[in-house]
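I opened this notebook to record what I looked up in one protein structure. Each entry below covers one topic.

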Amino acid sequence: MSSDYANDVLVTADWVEDNLDAFQSDDPDHRLVEVDVDTEAYGEGHAPGAIGLNWETDLQDQTTRDILTKEDFEELLGAHGITEDSTVILYGDNANWFAAYTYWQFKYYGHDDVKLLDGGREYWVENDYTTTDEEPSFAAQEYTASGPRESIRAYRDDVENAIDRGLPLVDVRSPEEFTGEILAPTGLQETAQRGGHIPGAQNISWAAVTNDDGTFKDADEIEELYADKGISGDETTVAYCRIGERSSVAWFALHELLGYDDTINYDGSWTEWGNLVGAPIETGEADD
């Protein structure tokens with residue numbers, strides 16, 4: 001981990017490789033979790049001892065289109081041999097989009113000892129770290145969540161307040177989504193009735209905080225990136241995307257790596273805001 005980061009929230013692939021025995025042990029002190037949208041990739045090969053989770057079906061309530069309730073979160077983790085005292089390392093596909101979303105959900109329910117594997121699944125596989133197709137089976141544990149910690153989550157009322165007060169809003173989607181040219185990336189079905197962005201938002205891609213290999217940039221680089229758009233952590237900052245996963249990467253960079261504690265993730269994001277009757281939107285490029 002770079003000493004420049006505000007919090008000890010990243011581990012390297014080398015560190016995970018050196019600790020694979022701990023992740024494969026029945027002892028719940030350490031657990032490794034892969035969170036993907038393409039769960040077939042997990043079946044083809046993953047880090048030994050890694051538990052496989054589907055970000056949508058495992059980590060969301062499919063009826064309410066919301067994150068898991070505290071009770072369901074407890075049940076999910078306990079069933080996979082995780083306790084509230086476990087050191088949990090998360091990683092996944094799409095440069096950790098869904099692992100970052102899961103990290104945010106862990107923090108929401110008060111799990112402090114959780115970190116991201118820097119670079120995610122692609123970094124692990126492309127750099128020839130150990131993989132297996134064997135799925136681990138751990139003894140079930142009792143998991144007791146705390147929280148929820150509402151201080152890291154934004155709702156539509158918080159977004160309306162941010163607009164009214166002129167607070168920073170970070171839209172991490174592609175420029176085409178931001179301007180309203182398209183509603184969603186090609187092949188993705190969760191869309192809104194209207195295209196565009198929340199009034200006053202700055203378009204800072206989630207990918208801008210990462211290097212080409214998917215690892216996070218140094219803190220100084222990330223700080224400068226946001227400062228160039230007037231975001232310094234001095235005010236409440238709202239991050240959003242389309243469904244809350246890409247914005248979790250920005251939230252992680254701002255809240256965890258830079259230590260901007262007053263950063264909140266709007267997980268309803270554009271699929272909620274763009275479907276709200278009467279909610280204000282803008283199209284085209286942002287005003288500087």
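**Entry 1: the largest cavity.** I looked up which kinds of residue line the largest cavity, and found 6 nonpolar, 1 polar and no charged residues in its lining. The model I consulted is a predicted one. The residues in this lining are V33, L53, L76, L77, H80, I82 and F106. The space inside the largest cavity comes to about 30 Å³. I also noted that the structure holds 1 cavity of 30 Å³ or more.

**Entry 2: the domains.** I next looked up how the chain is divided, and found domain 1 (10-148) and domain 2 (151-274). Their C-alpha centres lie 23 Å apart. For the contacts between the two, I recorded 21 residues of domain 1 and 24 residues of domain 2.

**Entry 3: the largest pocket.** I then asked where the largest pocket lies with respect to the two domains. Domain 1 and domain 2 both contribute residues to its lining, and therefore the pocket lies between them. I noted a volume of about 230 Å³ for the largest pocket. Its lining has 15 residues, and R65, D66, R153, D267 and G268 lie nearest the centre. By kind, the lining of this pocket divides into 6 nonpolar, 3 polar and 6 charged residues.

**Entry 4: T210.** I located T210 in the loop between β9 (202-203) and α9 (219-227). Is T210 buried or exposed? I found a relative accessible area of 10% for T210, and buried means under 20%, so T210 is buried. A polar atom of the T210 side chain lies 3.0 Å from the backbone oxygen of A207. Leaving aside residues up to four places away in sequence, I listed T215, F216 and K217 as residues that T210 touches.

**Entry 5: T283.** I located T283 in the segment after α11 (269-273). The relative accessible area of T283 is 56%, and exposed means over 50%, so I entered T283 as exposed. Which residues does T283 touch, not counting those up to four places away in sequence? I recorded T179, G195, G196 and H197. Finally, I looked up the separation of T283 and W97: they are 186 residues apart in sequence, and in space they are 25 Å apart, C-alpha to C-alpha.

Methods
Residues numbered from 1 in each chain as written. Predicted model: local features only at pLDDT ≥ 70, side-chain atom pairs only at ≥ 80, totals over all residues. Heavy atoms only, no water. 1 Å grid on protein atoms, 1.4 Å probe; cavity = no way out; pocket = protein on both sides within 12 Å on 5 of 7 lines; lining within 4 Å. Points joined across faces, edges and corners; volume = space filled by probe spheres on them. Nonpolar A, V, L, I, M, F, W, Y, C, P; charged D, E, K, R; others polar. Domains from an automatic or database assignment. Helix = DSSP H or I, 4+ residues; strand = E, 2+ residues; numbered from the N terminus. Buried < 20%, exposed > 50% of the residue type's maximum accessible area, 1.4 Å probe, protein only. Contact = heavy atoms within 4.5 Å. Polar contact = N/O pair within 3.5 Å; in protein donor to acceptor, adjacent residues only side chain to side chain.
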